[in-house]
Amino acid sequence: MTALIEAAHLYRTFDHLTAVEDVSLSVAVGEIYGLVGPDGAGKTTTLRLLCGAYRPSPVPGAIPPSIMVNGYDLLRHTDKAREQIGYLPQRFSLYDDLTVMENLRFFAEMRGLSVADWRPRSMEILAFVGLDEFVDRRAGYLSGGMKQKLGLAAALVHRPRLLLLDEPTTGVDPVTRQDFWQLIIRLVGQDGSKGTAVLVSTPYMDEAARCTRVGFMMSGHIVQEGSPSEFRKRLEGRVLELAGEPLALLRRLVEKEQGVSGVQMFGDRLHLRVEEGQAQAVMEQLEQHIPEAAGRISRLRLVQPQLEDVFMDLLERQSWTNPTS
Ligand SMILES: Nc1ncnc2c1ncn2[C@@H]1O[C@H](COP(=O)(O)OP(=O)(O)OP(=O)(O)O)[C@@H](O)[C@H]1O
Ligand SMILES: [Mg+2]
């Protein structure tokens, strides 16, 4: 598959802080690559490097960085490479006093679209994001979700091959989040030789689950990469669901239980991560220890791991000094 972006050995430091450390990634035509990780992991910094907003920091003795975007070298021919990219920043701002159409015109002109081209293209892209009935509404009066859709339209107005989206749906209501993802999926699914790829950062696990491939980022490194199902396989046979009461007591008990490597709230239940091959033994121990402590089990069973389970496991296991081990 053709890589639309291929980046290698990116570093970015701010004073003494290393925000991105030896990050390499590539995204192929038709892929939706999800960058996930805790606050401050380096996701935004990575996206800024990939769109050319930041230059990589030079590191003496390290392999020099490279970023190829659809065949163009971003570090040498920045303008040409940037034409291939649509970028929706984490804190995207519109002109509140301008209408939807005027905002889009601004972005279109900034991207060098001609007068003959920008209007039909704007109508087309506004219809795509579902804002074609709101062309004359001032951006200040749009809902949060509509603003994000207008942001997406602005990022797409010059027909980029690669779309970089930094937490595009944070703070947006669940229904609009669904709409937004339908748009992303349609975008990469569109046939034709002019294939597109998306690189999106997200704090939402249901969104990560929709990506073709996920990179899990922590303290400046991509510590693990794979499809959502590959991620889940890491914990196959090692996640137990426990419901019962009182929940606080159950939580205290399981944290002390031998063979349990992690515990997490999952709505009104607990998910326990257990050591390899320990699921049965842990269940038997709990069936004994919980009633002994005057607790009650209403459900205890092995379940399919969720991405949350795997990410928590990675977070807790990764050593900060040797994140790639
Ligand atoms: N311009 C800057 N100057 C100094 N430090 C910065 C700058 N930008 C980012 N950092 C630091 O670099 C680290 C990575 O930040 P970054 O914004 O890339 O993380 P993130 O994964 O996008 O986090 P979030 O999920 O909160 O958006 C953080 O410790 C942050 O404080
Ligand atoms: Mg960020």
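This is a guided tour of a predicted model, moving from the whole chain to the domains, the core, the ligand shell and one pair of hairpin strands.

**The whole chain**

Begin with the entire protein chain in view, where the C-alpha trace spans about 75 × 55 × 40 Å along its principal axes. If you colour by secondary structure, you should be able to follow eleven helices and 14 strands. Of the 325 residues in the protein chain, 38% are buried. Among contacts between residues at least 6 apart in sequence, 69% join residues that are at least 24 apart.

**Two domains**

Next, colour residues 3–232 and residues 237–303 separately, since the domain assignment gives these ranges as domain 1 and domain 2. The C-alpha centres of the two domains lie 40 Å apart.

**The largest nonpolar core**

Now select Leu50, Leu104, Ala153, Leu164 and Val198, which touch the most other members among the 79 residues of the largest nonpolar core. Adding helix 5 (residues 144–156) to the selection shows the element that gives this core its largest share, namely six residues. Domain 1 (3–232) and domain 2 (237–303) both contribute residues to this core, so it lies between them.

Stay with leucine 164 for a moment and display its surroundings: leaving aside residues up to four places away in sequence, leucine 164 touches Leu47, Leu50, Cys51, Ile85, Tyr87 and Leu199.

From there, move to isoleucine 184, which you will find in helix 6 (residues 174–189). Is isoleucine 184 buried or exposed? There are 21 other C-beta atoms within 10 Å of isoleucine 184, and because the cut-off for a buried residue is 20 or more, isoleucine 184 counts as buried. Once residues up to four places away in sequence are set aside, the residues that isoleucine 184 touches are Ile32 and Val198. A distance drawn from isoleucine 184 to valine 198, C-alpha to C-alpha, should read 7.7 Å, although 14 residues separate them in sequence.

**The shell around ligand 1**

Select ligand 1 next, and then show the residues around it, which are Phe14, Leu17, Ala19, Gly37, Asp39, Gly40, Ala41, Gly42, Lys43, Thr44, Thr45 and Gln90. Two elements, strand 2 (17–28) and helix 1 (43–50), give two or more residues to this shell. Which of the elements gives the most to the shell around ligand 1? That is helix 1, with three residues. If you colour the shell by residue class, four of its residues are nonpolar, six are polar and two are charged.

**Strand 13 and its partners**

Finally, turn to domain 2 (237–303) and select strand 13 (residues 269–274), which is mostly covered, with five of its six residues buried. On display beside strand 13 should be strand 11 (residues 239–245), which pairs with strand 13 in the antiparallel sense over four bridges. To see one position in this pairing, pick glutamate 241, whose bridge partner in strand 13 is histidine 271.

Strand 12 (residues 260–266) also pairs with strand 13 in the antiparallel sense, here over six bridges, and within strand 13 arginine 273 stands opposite glycine 262. Strand 12 and strand 13 form a hairpin with two residues between the strands, and in this hairpin glycine 267 takes a positive phi near 65°. As you look along these strands, keep in mind that in a regular strand the side chains alternate between the two faces of the sheet.

Key
Residues are numbered from 1 along each chain as its sequence is written. Chains are lettered from A and ligands numbered from 1 in the order in which they are written. This is a predicted model: local features need pLDDT of at least 70, side-chain atom pairs count only at pLDDT 80 or more; totals for chains, interfaces and linings use all residues. A residue is near a molecule or strand if its C-beta atom, placed from the backbone, lies within 6 Å of it. Ala, Val, Leu, Ile, Met, Phe, Trp, Tyr, Cys and Pro count as nonpolar, Asp, Glu, Lys and Arg as charged, and the others, Gly among them, as polar. A residue is buried if 20 or more other C-beta atoms lie within 10 Å of its own, exposed if 12 or fewer, and partly exposed in between; C-beta atoms are placed from the backbone. Two residues are in contact if their C-beta atoms, placed from the backbone, lie within 7 Å. A nonpolar core is a set of buried Ala, Val, Leu, Ile, Met, Phe, Trp, Tyr and Cys residues joined through C-beta atoms within 7 Å. Domain bounds come from an automatic or database domain assignment. Two strands pair if DSSP finds at least two bridges between them.
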